[in-house]
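Okay, everyone has the viewer open, I hope. I'll take a few minutes to walk through some side-chain pairs, a sheet and a couple of single residues.

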Amino acid sequence: MTIFDTVPLDALRRRTSEKWRHYPPDVLPLFVAEMDVPQLEPVVRAVTDAMLLGDTGYPSGSGYAEAMAAFAADRWGWAVDPTTTRLVPDVMLGVVEVLRLLTDPGDAVVINPPVYPPFAAFVDHADRRLVNAPLAADGRLDLEVLERAFGEATADGRRAAYLLCHPHNPTGTLHTPAELRAVGELATRHGVRVVADEIHAPLVLAAGARFVPTTTVIPGAIALHSASKAFNLAGLRAAVAVPGPEAVDDLARMPAVVADGVTHLGAIAQRTAYREGGAWLDEVLDGLRHNQRLVADLLAEHLPAAVWSPPKATYFAWIDLRALPPVRAGADPSRLALQRGRVALNPGPTFGIEGTGFVRLNLAASTAVLTDAVGRLARSLEDVATDS
């Protein structure tokens with residue numbers, strides 16, 4: 001039994017977040033990035049104590065940034081100076097504010113599809129234009145494609161930025177120090193500034209693998225960190241922008257008003273998670289490793305035409321279903337899974353056209369739910385194949 005097997009399904013269905021209210025109750029929801037876990041007890045206690053005290057005002061002090069820095073030092077050997085960081089309401093709003101520091105309206109921002117769908121939406125919201133540099137077929141950065149994209153982004157002499165997802169969502173790819181170094185060299189050559197969404201950094205699963213912070217390899221980069229994904233705190237948002245040594249002055253220009261969007265309870269919750277959640281997080285990581293093996297075995301048994309190998313990071317399975325007859329015929333596997341199997345997965349094309357024929361499945365669920373979900377997915381696709 002893992003930590004994901006400790007909350008009964010009927011208890012999960014009493015939750016009122018998007019995961020459990022977006023679809024009818026007969027649907028197994030494995031789409032949005034929420035984990036089916038009991039909440040970390042010290043966080044429950046800290047938030048409850050704050051409520052009982054009436055400590056529900058405005059955030060104050062540097063405790064959150066200091067807790068993040070201590071976590072980074074412990075987990076990755078990363079020396080973060082809290083005095084150089086800035087609080088932001090959440091990672092994506094932080095990305096927008098950093099892009100506003102480094103680029104001007106109408107400037108280009110390079111992304112690597114298939115990638116987290118809000119990247120495109122928030123770049124547009126920031127009044128910047130997208131330049132796509134798709135990942136290679138193996139899910140890794142394609143440096144030749146990236147160099148062409150950097151050239152396109154700066155061809156008119158304007159400023160540009162590169163929004164890096166590290167570890168990458170949805171593929172789970174963990175970028176290597178060599179890849180990051182090559183990215184930094186390309187960015188310097190073309191005058192492109194690197195902004196890294198590192199929200200999944202604590203969720204490295206592969207034996208011997210290690211997250212390497214972007215700013216330790218690319219000194220001019222700015223990274224965004226939050227405890228929200230690893231500690232299941234999306235409803236208590238807060239984030240920290242961390243500059244590389246050559247970007248300290250840039251981040252210092254961030255308007256103080258940006259931090260006004262950080263909630264006091266969010267900062268309390270995430271500070272506590274960083275400080276007291278290490279053992280809980282290790283239990284989550286063990287459960288995710290178990291679930292990776294489980295889903296790999298289930299796919300091999302029930303859907304052998306599916307292509308997926310457990311990635312090094314994140315709690316997602318980015319499953320290639322293009323070899324299935326209905327998908328080859330143009331069917332959307334996520335739609336079939338929902339309509340016929342009553343299981344909700346993320347449609348691949350929402351991550352970019354490169355995701356056509358893929359689905360993203362959230363692995364942060366119980367053994368029973370994952371077993372049922374893969375069975376439903378297989379039956380939904382097999383039924384169509386039989387009918388055709």
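**Around Asn112, then outward**

Let's start with a polar atom on the side chain of Asn112, which sits 2.8 Å from the backbone oxygen of Ala133. Before I go on, keep in mind that this is a predicted model. Asn112 also has a side chain to talk to: there's a polar contact with the side chain of Tyr162, at 2.5 Å. Where along the chain are we? Asn112 is in the loop between β3 (108–111) and α6 (118–125).

So, is Asn112 buried or exposed? It comes out at 4% relative accessibility, and since the cut-off for buried is under 20%, Asn112 counts as buried. If you leave aside neighbours within four places in sequence, the residues in contact with Asn112 are Ala133, Leu135, Leu141, Leu146, Tyr162, Leu164 and His168.

Okay, charges next. How many salt bridges does the structure hold? The count is 17. I'll pick out three of them.

Number one on my tour is Arg342 with Asp26, whose side chains meet in a salt bridge at 2.8 Å, N to O. Arg342 is in the loop between α13 (333–341) and β10 (343–344), while Asp26 is in the loop between α2 (18–21) and β1 (28–29), so this pair ties together parts 316 residues apart in sequence. Both ends are partly exposed: Arg342 has 26% relative accessibility, and Asp26 has a relative accessible area of 40%.

Next up, Arg237 and Asp90, another side-chain salt bridge, 2.9 Å from N to O. Here, too, the pair links distant parts of the chain, 147 residues apart: Arg237 is in the loop between β7 (222–225) and β8 (239–243), and Asp90 is in the loop between β2 (86–88) and α5 (91–102). Have a look at the accessibilities, though. Arg237 is partly exposed at 48%, whereas Asp90 counts as buried at 11%.

My third pick is Arg45 with Glu41, a salt bridge at 2.6 Å, N to O. What separates these two along the chain? About one helical turn, because they are four residues apart in helix α3 (residues 41–53). Arg45 is partly exposed at 36%, and Glu41 is partly exposed at 47%. There's a further partner to add: Glu41, Arg45 and Glu276 are linked in a network of salt bridges.

Let's switch to the sheet. It's an open one with three strands, in the order β9-β12-β11, and the pairing is antiparallel. Why is one side of β9 and of β11 left without a neighbour in the sheet? Because β9 (316–320) and β11 (346–347) stand at the edges, each with a single partner strand. Between β9 and β12 (residues 358–362), which run antiparallel, there are five bridges. If you want a pair to click on, Trp318 stands opposite Arg360 in β12.

Last stop, Asp250, in helix α9 (residues 248–252). With 17% relative accessibility, Asp250 counts as buried. Not counting residues up to four places away in sequence, Asp250 touches Leu101, Leu102, Arg193 and Ile222.

That's my tour, so feel free to click around.

Conventions
Residues are numbered from 1 along each chain as its sequence is written. This is a predicted model: local features need pLDDT of at least 70, side-chain atom pairs count only at pLDDT 80 or more; totals for chains, interfaces and linings use all residues. Side-chain values use heavy atoms; hydrogens and water are left out. A salt bridge is a side-chain nitrogen of Lys or Arg within 4 Å of a carboxyl oxygen of Asp or Glu. Buried means under 20% relative accessible area, exposed over 50%, partly exposed in between (1.4 Å probe, protein chains only). Two strands pair if DSSP finds at least two bridges between them. A polar contact is a pair of N or O atoms within 3.5 Å; within protein, one must be able to donate a hydrogen and the other to accept it, and residues adjacent in sequence count only if both atoms are side-chain atoms. Contact means heavy atoms within 4.5 Å.
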